[in-house]
Amino acid sequence: LENFTGDQLHRYEGYRRSALNRTNVKRLVSQVLNQQCSQTMAFVVAGFSKVYVGEVIEKAREVMEEWGHTGAIRPEHLREAHRRYKKE
């Protein structure tokens, strides 16, 4: 944390504050698996999902830098980041 730039620290704070709605996660998991999902399982899936989203966002930032773009992340950055993530 000490070595973060101001922008990185701001993104990290946003990441720490963010959370997926466990009720919605539980409903989605139940629909996908065709069976009931426990609160514990919803909590775990929400945690893994948050990590996945964070990794895709970081890859999208890398894509932006490689392409010489600035500003907000755009859909094409997310698509390329997701493609690279699947490739790994």
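This briefing covers the fold, surface, core and selected residues of one protein chain. The model is predicted. The protein chain has 4 helices and 0 strands. Its radius of gyration is 16 Å, whereas a compact globule of 88 residues would have one near 12 Å. Buried residues make up 17% of the 88 residues.

**Overall fold**

- Read along the sequence, the pattern is α-α-α-α.
- The helices include H1 (6-17), H2 (22-33) and H3 (39-67), and H4 (75-87).
- Along the principal axes, the C-alpha atoms fill a box of roughly 45 × 30 × 20 Å.
- Take the contacts between residues at least 6 apart in sequence: 28% of them join residues at least 24 apart.

**Surface and charge**

- The protein chain exposes about 6900 Å².
- Carbon and sulfur atoms supply 54% of that exposed area.
- The protein chain carries 15 positive and 11 negative charges.
- The mean positions of these two sets of charges are 10 Å apart.

**Nonpolar core**

- In soluble globular proteins, nonpolar side chains tend to be buried together.
- The largest nonpolar core here has 5 residues: Val25, Val29, Cys37, Ala42 and Ala46.
- Helix H2 (22-33) and helix H3 (39-67) are the elements that give two or more residues to this core.
- Val25 touches Ala42 and Ala46, both members of the core.
- Val25 also touches Leu20 and Val45, again not counting residues up to four places away in sequence.

**Start of the chain: Glu2 and Leu9**

- Glu2 sits in the segment before helix H1 (6-17).
- Is Glu2 buried or exposed? Glu2 counts as exposed because its relative accessible area is 80%, and the cut-off for exposed is over 50%.
- Glu2 and Glu13 are 11 residues apart along the chain, and their C-alpha atoms are separated by 13 Å.
- Leu9 lies in helix H1.
- Leu9 has 33% relative accessibility, so it counts as partly exposed. That value falls between the cut-offs of 20% for buried and 50% for exposed.
- Leaving out residues up to four places away in sequence, Leu9 touches Leu1 and Phe4.

**Loop between H2 and H3: Asn34**

- Asn34 is placed in the loop between H2 and H3.
- Most residues other than glycine have a negative phi.
- Asn34 is not a glycine, yet its phi is positive, at about 55°.
- Asn34 is also exposed, with a relative accessible area of 73%.

**Loop between H3 and H4: Ala72**

- Ala72 lies in the loop between H3 and helix H4 (75-87).
- Ala72 counts as exposed because its relative accessibility is 57%, and exposed means over 50%.
- Which residues is Ala72 in contact with, leaving aside its neighbours within four places in sequence? They are Met64 and His77.
- His77 falls in the range of helix H4 (75-87), and Met64 in that of helix H3 (39-67).
- The C-alpha atoms of Ala72 and Arg61 are separated by 9.1 Å, with the two residues 11 apart along the chain.

Definitions and conventions
Residues are numbered from 1 along each chain as its sequence is written. This is a predicted model: local features need pLDDT of at least 70, side-chain atom pairs count only at pLDDT 80 or more; totals for chains, interfaces and linings use all residues. Side-chain values use heavy atoms; hydrogens and water are left out. The radius of gyration is taken over C-alpha atoms; the globule rule is 2.2 Å times the number of residues to the power 0.38. Buried means under 20% relative accessible area, exposed over 50%, partly exposed in between (1.4 Å probe, protein chains only). Contact means heavy atoms within 4.5 Å. Accessible areas come from the Shrake-Rupley method with a 1.4 Å probe; for residues, only the protein chains shown count as cover. Lys and Arg count as positive and Asp and Glu as negative; His and the chain ends are not counted. The place of a charge is taken as NZ of Lys, CZ of Arg, CG of Asp or CD of Glu. A nonpolar core is a set of buried Ala, Val, Leu, Ile, Met, Phe, Trp, Tyr and Cys residues joined through side-chain atoms within 4.5 Å.
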